[in-house]
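Colleague: Please take a close look at a single strand of this model and its surroundings. Short sentences would help me follow.

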Amino acid sequence: MENVEKIRRFPCTVCPMGCELTVDTGSLEVTGNGCPRGKAYGVAEVTHPTRTLTTTVALRGTDRVIAVRTDRPIAKELLLPAMDFIRAYAAPETVKPGDVLVEGFMGTDANLVVTGK
Amino acid sequence: MGSEIRTALPEVKVGLLVIGAGPAGLAAAVAAYDRGVRDILICERQDFAGGILPQCIHNGFGLKRFGEELTGPEYAGRYEKMAEERGIRIEYGATVTKLSNDRRVTVLSESGMKVYAADAVILAMGCRERPRGALPVVGTRPAGIYTAGCAQKMVNRMGLLPGREIVILGSGDIGLIMARRMTLEGAHVKAVCEVMDHPGGLRRNIVQCLDDFGIPLYLSTTVVEVEGEDRVTAVTVAEVDERRRPIPGTERRIECDTLLLSVGLIPENELTRQAGIEIDPVTNGAAVRENRETSIPGVFACGNVLHVHDLVDFVSEEGEIAGNAAADYLAKQEKIETAPVARVTAKNGVRYTVPELIGEGETKNVTVFFRVSDSFRDATLVAENENGVILSKKVRRMVPGEMQRVDLPREKLVGEVTLSVAPQGNS
């Protein structure tokens, strides 16, 4: 069976330049990056892609919601499981922007933080 | 009896009146304050500040302005804090119903109606979404058709799920963001359809909103029919030709219960037109000088009401330009009207420029913002007038969905200046 090396092309999202990266998923060689951060992003994106989760959580005892985020990106594959957690979770009504709701969210080093009012 | 009683509305003097406490209005007010203006009032029709940002709970805001990736509420919070620290008054629940050409602003609020006689006015009313009624889509009037922004408000501010089986028309950023948002909340986004042959939104959003979730994007495709009596049951999509007309025989039926429309933002300029201010027919916003002054002296415009932006960072920058200009205007003892020195016109490949006019100024360069009408790779941007070429610059990449900017030397900006993309270099 032939071992086909997969080449992936995608824009870098580290800065608004949006350099078009070409990454060899076998050798992890990155081309097209305009800076070293782009190279690191290219490798991470094909090996351990991460995303910041932004969503809303319910406020306990009310029918209202408040906007939250992870304060740093988490593994991309955790996004949908994280939403299962979020759906079952309710924050205290008195929270303010900047409050940490959950430390070590989904077992990562990211915290779930309030962003809305 | 039939006696006519006319009561004049109470009139209040104010230095600087800003219409809208969104990111443009807040930035403008803060800049004016920092430039010395103290008598400032922001009229905001909602009961909160931040404009559209409080419902934009995703991140990506502020990368240029603050060097951080903030969510909409966080970005708005920064500016609200700046306004609060400076003691800038914001009147909530205050809707401006009329702007006259002598800077009298009629405001309706819970306390009644009054007129503010302003020495300077900054228009920062933002924009609206193009609604379904403006689209030639055949069909019944079932529930389940929302503009993407309306759905965003429902989900993010009201905790309501608009539907479960979603089709989105329009691949602008709002449509892409809502594709992700609905998916995260457990809905099934079956397709995003885009009538153009290229996606409308930022590339990062194509990756993070569609590719991440395996949501298909169908280019050169539009919705031609909606089915359903009480509730949407399906839509029919079809491919379109280069004139955006549906191609017979390409129709496909997609079952769904919700159609989200992300089909254009229109600057909200009812007040502007009513005041008789000159409008640029391409941007649908006021035609302005580089200091963002409109055709009425002392009336400035900034943010989405002037032209629809992609990055809120540029909105804030534009608010600062307008705020500074309003402050300078107020400080001038004699307000002498000067004719514009140059007119900037968009030509081949460039759809519009802001500013449209160049006034007298001190800065060495003038930054002209513009959008291209097509995608260009390694193309040459040319600014010229009757005296010859002012600037000829090779630009690696320009696409319609990303606002561009170019600095032009002020001393060369005289007469009729055109901005265009040289013919070779189409991608």
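Modeller: What follows begins with that strand and then moves on to other parts of both chains. This is a predicted model, in which local features need pLDDT of at least 70 and side-chain atom pairs count only at pLDDT 80 or more, while totals for chains, interfaces and linings use all residues. Residues are numbered from 1 along each chain as its sequence is written, with chains lettered from A and ligands numbered from 1 in the order in which they are written.

The strand is E6(A), residues 65–70. Strands (E, at least two residues) and helices (H or I, at least four) are DSSP runs, numbered from the N terminus. E6(A) is mostly covered, with 6 of its 6 residues buried. A residue is buried if 20 or more other C-beta atoms lie within 10 Å of its own, exposed if 12 or fewer, and partly exposed in between; C-beta atoms are placed from the backbone. Both faces of E6(A) are covered. Val65(A), Ala67(A) and Arg69(A) are buried on one side. Ile66(A), Val68(A) and Thr70(A) are buried on the other.

Now its partners. Strands of a sheet pair through backbone hydrogen bonds, either parallel or antiparallel. Two strands count as paired if DSSP finds at least two bridges between them. E5(A) and E6(A) run antiparallel, joined by 5 bridges. Thr54(A) stands opposite Arg69(A). The two strands form a hairpin with 5 residues between them. In its turn, Gly61(A) has a positive phi of about 80°. E6(A) also pairs with E10(A), residues 112–114, in the antiparallel sense over 3 bridges. There, Thr70(A) has Leu112(A) as its bridge partner.

E6(A) also takes part in the contact with chain B. That contact takes 23 residues from chain A and 18 residues from chain B. Residues are in contact if their C-beta atoms, placed from the backbone, lie within 7 Å. On the side of chain A, strands E1, E5 and E6 and helix H2 each give two or more residues. E5(A) gives the most, with 4 residues. This side divides into 9 nonpolar, 8 polar and 6 charged residues. Ala, Val, Leu, Ile, Met, Phe, Trp, Tyr, Cys and Pro count as nonpolar, Asp, Glu, Lys and Arg as charged, and the others, Gly among them, as polar.

Step back to the whole of chain A. Chain A is divided into domain 1 (7–47) and domain 2 (54–114). These bounds come from an automatic or database domain assignment. Over C-alpha atoms, the centres of the two domains are separated by 29 Å.

Next, chain B. In helix H5(B), residues 203–210, the buried residues are Asn205(B), Ile206(B), Gln208(B), Cys209(B) and Leu210(B). What covers them includes strand E4 of chain A. H4, E13 and E14 of chain B are also included in the cover.

Chain B has a sheet too. Its 4 strands form an open sheet in the order E10-E15-E16-E17, with mixed pairing. The edge strands are E10(B) and E17(B), each paired on one side only. E15(B) and E16(B) pair in the antiparallel sense over 6 bridges. Glu227(B) has Ala234(B) as its bridge partner.

One loop residue ends the tour. Asp374(B) lies between strands E26 and E27 of chain B. Asp374(B) counts as partly exposed because 16 other C-beta atoms lie within 10 Å. Asn348(B) is 26 residues from Asp374(B) in sequence and 9.8 Å from it in space, C-alpha to C-alpha.

Key: Contact = placed C-beta atoms within 7 Å.
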